[in-house]
Amino acid sequence: MTGHKELEAVRKALRHQLREGISEVAVPAAELRLLLDELGRLQQSNDRLRRQNRRVRLKLQRAGLADDEAAADGDAGDGPQSA
């Protein structure tokens, strides 16, 4: 697993290039792989947290402890679920 410092260095370098107004940015394959791997991990984590939050909201609703309006608003943004 690649360290956090290496990932942060890649992100900083790309941000710097964008701030400089460079219209096309070249990313070495190794750095692109690093960024895509991190993006995949973040997406998996996000999906897992959405499912977990939905289960908690449903459990609270069944127990009569949840605000029905807030729970309905939260369900609208969850997208497809594969619980």
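**Notebook: three helices, one chain**

**Entry 1: helix H1.** I started with H1, which has 16 residues and spans 22 Å from its first C-alpha to its last, close to the 22 Å expected at 1.5 Å a residue. The expected span here is 1.5 Å times one less than the number of residues in the helix. Helices (H or I, at least four residues) and strands (E, at least two) are DSSP runs, numbered from the N terminus.

Before going on, I noted that this is a predicted model, in which local features need pLDDT of at least 70 and side-chain atom pairs count only at pLDDT 80 or more, while totals for chains, interfaces and linings use all residues. Residues are numbered from 1 along each chain as its sequence is written, and side-chain values use heavy atoms, with hydrogens and water left out.

**Entry 2: the two sides of H1.** Which residues of H1 are buried? I found Leu7, Val10 and Leu14. Seen down the axis of H1, the buried residues fall within an arc of 65°, so they line one face of the helix. (The arc is that of the directions from the helix axis to the C-beta atoms.) Buried means under 20% relative accessible area, exposed over 50%, and partly exposed in between (1.4 Å probe, protein chains only). On the face of H1 turned away from the buried side, I listed the exposed residues His4, Lys5, Lys12 and Arg19.

**Entry 3: salt bridges.** How many salt bridges does a search of the whole structure find? It finds three, a salt bridge being a side-chain nitrogen of Lys or Arg within 4 Å of a carboxyl oxygen of Asp or Glu. Side chains of opposite charge can pair when their charged atoms come close.

In H1, I looked up Glu8 and Arg11, whose side chains meet at 3.0 Å, N to O. These two are three residues apart in helix H1, so about one helical turn separates them. Glu8 also has a salt bridge with Arg15, at 3.8 Å, N to O. Glu8, Arg11 and Arg15 are thus linked in a network of salt bridges. Both arginines are partly exposed: Arg11 has a relative accessible area of 32%, and Arg15 has 37%.

In H2, Glu38 and Arg41 form a salt bridge at 2.9 Å, N to O. They too are three residues apart, about one helical turn. Glu38 is partly exposed at 22% relative accessibility, and so is Arg41 at 36%.

**Entry 4: a nonpolar patch.** I then turned to the surface, where Leu18, Ile22 and Val25 make a nonpolar patch of about 250 Å². Patches are made of residues with over 30% relative accessible area and no salt bridge; like charges are joined within 9 Å, and nonpolar side chains (Val, Leu, Ile, Met, Phe, Trp, Tyr) within 5 Å. Accessible areas come from the Shrake-Rupley method with a 1.4 Å probe; for residues, only the protein chains shown count as cover. Leu18 sits in helix H1 (residues 4-19) and is exposed, with a relative accessible area of 57%.

**Entry 5: H2 and the whole chain.** H2 has 35 residues and reaches 51 Å from first C-alpha to last, close to the 51 Å expected at 1.5 Å a residue. Gly64 follows H2, and its phi is positive, near 80°. I count three helices and zero strands in the chain. Of its 83 residues, 8% are buried.

Last, I checked confidence: pLDDT is the predictor's confidence in each residue, from 0 to 100. The chain mean is 85, and 78% of residues reach 70 or more. Where is confidence lowest? That is helix H3 (residues 68-76), at a mean of 57, whereas helix H2 (residues 29-63) is highest, at 96.
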